[in-house]
Amino acid sequence: MSKKLTAFFGSFTVFKGAAPELWLTFLIKFLIVAAFQISVVTLVRWLSSDLGMSDREAQGTVMAWAITMIVVTLLVGSLTDALGLRRTFFLGVWICLIARAVMALSPVKWVSVSVGLFLLAIGEALGTPVLVAATRKYSNTQQRSMAFSLIYVVMNLGFLAANYVYDWVRQGLGEYGYWTVPFFGWHITTYRTLFLVSWVIELLILPAIWFLRDGVNVTDEGVTITPREKYSTNSQPILIAGWEMIRQSASETAGFFVRLVKQAGFYQLLSFLLLIALIKIVFTQLYYVFPTWGVRELGPGAPVGRLLAINNWFIIFLVPIIGALTRRSPAYWMVVVGGCITAASVFFMALPPAWFAPIAHGWVGDWIGHFYLSLTGAVHPYYVMIAFFIIILSFGEAFYSPRVYEYAAAIAPKGQEASYGALSYIPSLGSKIFATMIAGNLLAKYCPEHGPRNSAMLWLMIALTATVAPVGLVAFQRFIRVQEAGRPDSDTKE
């Protein structure tokens, strides 16, 4: 037992002497995620309340936004391999700053959507997926599993902060309130104010990127710095030199992408990730369906953010522990285990609320409703159901989600870490398409703003969809599984 405990706690010492870039990556991840999370949980409510879209129109817009992110994400990995992490980070952040400013301040609907929203999709695709490559590039083999676990913890710290800010702004200004921008006197809605808060967080990312050293690569032998070859300008005018840089970058990006799609492992990974997208649909619905569902079922001002934060609190503590205990286990099978738990958790929301009424009126409901959520009066059974659902969901997520990114990074050929890292975001982005294709109809049919509701059926549909993923991973593992670097496993298909 003492040896196991020593090995367990020793897992947390692998970061001794880690490159500064790894810690900067964690900081950038926190800020990017916090800004993104505030935007994503606000998005559907903003489209419906501020821009006057119906449920189906709002979800259709989100679907188009998600498709844009997928297309750019599939290309950005190759662009990053050509340009380098630091340059790609800078480009993505500046685009996001412009996009969030437009979404927060533009009074014109078509400008807010076509310029702000879709520019944000491009900027996020140039930032968030690149962090997978950065984690792989700035960690050695011994650090890799724990690095991906820790970056997942940092991600959830970002979610946690964002969820509390989301509730704080909504409860401070009112669900449909206004805020006056100092010095300018502009009156912006609660949801536009949230976009402005995400803009401030995005701005804080720039100093962190500045301290990243260009060309750093961490291996088991140590840290090496290989300065990237600069684009030749030959003393040309700045506009011509800039065009030459773009042309060379596009050529290198196209070359990377062509080589990528010719690799057998690419299609196996793609099949794996498409199945994972069906698990991720649960989390996508938490962002695009749950806020609207919560306001309609539980009333305006419902503490949606703090309910979502339950997941973040559990993940922060569960991921390092589970990561340390399972770091020698193949990532593929950890994804299967986590997928089963995640799919099972959603069935809680499909049960009759009356079954949970005794618990809601007891000490558990009192703790959840009055102590944690600061509610007054009787506690609705849905609050207990949501808490149980999110707690079980968190256990499943702790097993599988960090390992999805690790799996993609572990099977990546050398020099194409960013390309494969970008691919690992397909589940998150693909789930947005799956979710938004059905979310508008689910809300309109089973949880309309006015009229009778059948929320149990809404959640049952989501649960059955998520169940397909772990079943598929087990049934087709012979065909889609790829050898993980540093994990010999005779079951994998070479």
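Is Ala 331 buried or exposed? In this predicted model, Ala 331 has a relative accessible area of 0%, so the residue is buried. Its place is in helix H14. Along the sequence, Ala 331 and Phe 399 are 68 residues apart. In space, their C-alpha atoms are 9.2 Å apart.

The overall make-up of the protein comes next. Its secondary structure comes to 21 helices and four strands. The protein has 494 residues, and 58% of them are buried. Contacts between residues at least 6 apart in sequence were also examined. Of these, 81% join residues at least 24 apart.

In soluble globular proteins, nonpolar side chains tend to be buried together. Here, the largest nonpolar core has 132 residues. Trp 65, Phe 272 and Trp 293 have the most contacts inside this core. Helix H2, residues 20-49, gives the most to the core, with 17 residues.

Trp 293 also appears among the buried residues of helix H12. H12 spans residues 290-298 and is mostly covered. Eight of its nine residues are buried. They are Phe 290, Pro 291, Thr 292, Trp 293, Gly 294, Val 295, Arg 296 and Leu 298. Gly 299 follows H12. The phi of Gly 299 is positive, near 100 degrees.

Two helix pairs were then described. Two packed helices are described by the angle between their axes and the distance between the axes. The first description concerns H14, residues 331-346, and H20, residues 455-475. These helices pack at an angle of about 160 degrees. Their axes are 8 Å apart. Angles over 145 degrees count as roughly antiparallel, so H14 and H20 are roughly antiparallel to each other. Their crossing is left-handed.

The contact draws on residues from both helices. From H14 come Tyr 332, Trp 333, Val 335, Val 336, Gly 339, Cys 340, Ala 343 and Val 346. In H20 they meet Trp 459, Ile 462, Ala 463, Ala 466, Thr 467, Pro 470, Leu 473 and Val 474. By class, this contact of H14 with H20 has 14 nonpolar and two polar residues. It has no charged residues.

Ser 345 is also found in H14. Its relative accessible area is 0%, so Ser 345 is buried. Residues up to four places away in sequence are not counted among its contacts here. With those set aside, Ser 345 touches Phe 389, Ile 392 and Leu 393.

The other pair is H4, residues 85-105, and H5, residues 109-125. The axes of H4 and H5 come within 8 Å. They cross at roughly 155 degrees. H4 and H5 are therefore roughly antiparallel to each other. The crossing of H4 and H5 is left-handed. H4 brings Gly 92, Ile 95, Cys 96, Ile 98, Ala 99, Arg 100, Val 102 and Met 103 to the contact. Among the residues from H5 are Val 111, Ser 112, Val 115, Gly 116, Leu 117 and Glu 124. The contact of H4 with H5 divides into twelve nonpolar, four polar and two charged residues.

A further buried residue is Ala 134, at 0% relative accessibility. Ala 134 lies in helix H6, residues 130-137. Ala 134 and Asn 217 are 83 residues apart along the chain. Their C-alpha atoms are separated by 9.2 Å. Leaving aside neighbours within four places in sequence, Ala 134 is in contact with Thr 25 and Leu 85.

Finally, backbone angles in two loops were considered. Most residues other than glycine have a negative phi. Phe 183 is not a glycine, yet its phi is positive, near 75 degrees. Phe 183 is placed in the loop between strand E1, residues 178-180, and strand E2, residues 187-189. With a relative accessible area of 88%, Phe 183 is exposed. Ser 374 likewise has a positive phi, about 60 degrees, although it is not a glycine. Ser 374 lies in the loop between helix H16, residues 363-372, and helix H17, residues 381-410.

Conventions: Residues numbered from 1 in each chain as written. Predicted model: local features only at pLDDT ≥ 70, side-chain atom pairs only at ≥ 80, totals over all residues. Heavy atoms only, no water. Axes fitted to C-alpha atoms, helices over the stretch in contact; angles between N-to-C directions. Parallel < 35°, antiparallel > 145°, perpendicular 65-115°, else oblique. Left-handed = near helix turned anticlockwise from the far one by under 90°. Contact = heavy atoms within 4.5 Å. Nonpolar A, V, L, I, M, F, W, Y, C, P; charged D, E, K, R; others polar. Core = buried A, V, L, I, M, F, W, Y, C linked by side-chain atoms within 4.5 Å. Buried < 20%, exposed > 50% of the residue type's maximum accessible area, 1.4 Å probe, protein only.
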